[in-house]
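Student: I have a protein model to study. Can we go through it step by step?

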Amino acid sequence: MKKSFQVMALCVVTSICIRFAAVNTPYTAYATSETKKALDDAKEERENLQNELDEKNEEVNDLKSEQSDLKSELSNLNTQLSDVSNNLAQIEADIDTKKAEIEETQAQLEAAMQTEADQYAAMKKRIQFIYESQDFVLIEILLEAESFADFLNNSEYIRLLSEYDREQLIAYQNTVASIEEAKALLEAEQAELESYQAAQIEEQNRVSGLVTSTSNAVSNYSDQIDAAEAEAEAKEAEIAAKDNDIAELQKKLEEEIRLSRLAAASSWRDISEVTFAEGDRFLLANLIYCEAGGEPYEGQLAVGAVVINRVLSSVYPDTVVGVIYQNKQFSPVASGRLELALAQDKATASCYRAADEAMSGVTNIGTCVYFRTPIPGLEGIQIGGHIFY
């Protein structure tokens, strides 16, 4: 149905359009409260997500840096452990060599002691034989001398024989002493090696423990990095989804801007041309209650006027029900608050009064078709806690 347009309405719309054109961000003045708020909220959430992503990426970088330091430390520890293990293997080889030397020296000592014992026993027998039979042996040896020179020689022979036995005994005693000293030295060296071996084993255990703990720490950092990177990827996915939401809201906002401007420039019908259905008053009063129940009466009337202005505009549905239930236009509809209010008829007497006046054509906001809570850059008619535009 073609709608008429009154001269006075045209003047008001023209005035409003001129005022809206002066706004730095003209789309704000034409956006619905729900869409503009949703877009602002989406952008804020997107910024928060980006900040969280930046923090998470920084956390990942810090974890990777700390893990890199630990890996370097682990490499050094493994080198130390390798050196300690090599030293320990060399010490164990030296200990085995010393043990073999000690066993050889022990065998030499036992052999020398046996030789000493044998020599000592033989000497004792010769001396015993000579002295026990000295009257016969010595006299026989001496008497066999054919000359005084032979006699002296035989005497010297007896002396040398005795001296030889004594020298042999002393030599073997010295050998035994030398071997015992060598054995004592080897045993001392072995004890020192075993002490060093014990210290090296302790150091090996210490370094091995550090290697294990550092390796576990590196592994733990890997787990933390994986978790942080997973969170970062999730944040990136959230940001991508939020970007899509923002793009959709931006499109919706642009469409509403177009409709808002179109409404201001399109034809309007007179209130006398509207036929209200039974229940429109009840529905409008409860919507006013949901949107402006806590506002002064002027604010309640202004909300009712917005609904009726849309009914009068050729851009929007031409019934109260159609306007109120138009998709995504009034938040109480989407949230279910209107349904609850209708079920209990929450509308107050002032809400019904505002509905009656609005339905009779009374408006205190001109031809405004939107309202919302004030935001920076939004110009319009402020009544109570709402801006009407």
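Student: In which helix is Ala-354 found?

Tutor: Keep in mind that this is a predicted model. Look along the chain for the helix that holds Ala-354. That element is helix H11.

Student: Is Ala-354 buried or exposed?

Tutor: Use the relative accessible area. Buried means under 20%. Ala-354 has 0%, so Ala-354 is buried.

Student: Which residues does Ala-354 touch, not counting those up to four places away in sequence?

Tutor: Set the sequence neighbours aside. Contact means heavy atoms within 4.5 Å. The residues that Ala-354 touches are then Ile-288, Tyr-297, Gln-300 and Leu-301.

Student: How far apart in space are Ala-354 and Ala-305, C-alpha to C-alpha?

Tutor: In sequence, these two alanines are 49 residues apart. In space, the C-alpha to C-alpha value is 8.6 Å.

Student: At roughly what angle do the axes of H7 and H11 cross?

Tutor: Two packed helices are described by the angle and the distance between their axes. Helix H7 covers residues 297–312, and helix H11 covers 349–359. Their axes come within 8 Å. They cross at roughly 45°.

Student: What word describes how H7 lies to H11?

Tutor: Start from the crossing angle of roughly 45°. Under 35 degrees would be roughly parallel, and 65 to 115 roughly perpendicular. The crossing falls in neither range, so H7 is oblique to H11.

Student: Is the crossing of H7 and H11 left-handed or right-handed?

Tutor: Handedness is a separate question from the angle. For H7 and H11, the crossing is right-handed.

Student: Which residues of H7 and H11 make the contact?

Tutor: Take one helix at a time. H11 gives Ser-350, Cys-351, Arg-353, Ala-354, Glu-357, Ala-358 and Met-359. H7 gives Tyr-297, Gln-300, Leu-301, Gly-304, Ala-305 and Ile-308.

Student: How many residues of each class are in the contact of H7 with H11?

Tutor: Sort the contact residues by class. Arg and Glu count as charged, and Gly counts as polar. The contact has eight nonpolar, three polar and two charged residues.

Student: Why does Ser-313 count as buried?

Tutor: Ser-313 sits in the loop between H7 and helix H8 (320–324). A polar atom of its side chain lies 3.1 Å from the backbone nitrogen of Val-315. Ser-313 counts as buried because its relative accessibility is 0%.

Student: What is phi of Lys-328, about?

Tutor: Lys-328 lies in the loop between H8 and helix H9 (331–335). At 55% relative accessibility, Lys-328 counts as exposed. Its phi is positive although Lys-328 is not a glycine. The value is about 60°.

Student: Near what value is phi of Asp-345?

Tutor: Asp-345 is in the loop between helix H10 (337–344) and H11. Its relative accessibility is 35%, so Asp-345 counts as partly exposed. Phi is positive here in a residue other than glycine. The value is near 45°.

Student: Which residue has its backbone oxygen 3.3 Å from a polar atom of the Gln-67 side chain?

Tutor: Gln-67 belongs to helix H3 (residues 33–132). At 9% relative accessibility, Gln-67 counts as buried. Its contacts beyond four places in sequence include Tyr-221, Ser-222 and Ile-225. The backbone oxygen belongs to Val-218.

Student: How many helices and strands does the protein have?

Tutor: Read the pattern along the sequence. The helices lead, and the strands follow. The total is eleven helices and three strands.

Conventions. Residues are numbered from 1 along each chain as its sequence is written. This is a predicted model: local features need pLDDT of at least 70, side-chain atom pairs count only at pLDDT 80 or more; totals for chains, interfaces and linings use all residues. Side-chain values use heavy atoms; hydrogens and water are left out. Axes are lines fitted to C-alpha atoms, for helices over the stretch in contact, and angles run from 0 to 180 degrees between N-to-C directions. Helices (H or I, at least four residues) and strands (E, at least two) are DSSP runs, numbered from the N terminus. Angles under 35 degrees count as roughly parallel, over 145 as roughly antiparallel, 65 to 115 as roughly perpendicular and the rest as oblique. A crossing is left-handed if the near helix is turned anticlockwise from the far one by less than a right angle, and right-handed if clockwise. Buried means under 20% relative accessible area, exposed over 50%, partly exposed in between (1.4 Å probe, protein chains only). A polar contact is a pair of N or O atoms within 3.5 Å; within protein, one must be able to donate a hydrogen and the other to accept it, and residues adjacent in sequence count only if both atoms are side-chain atoms.
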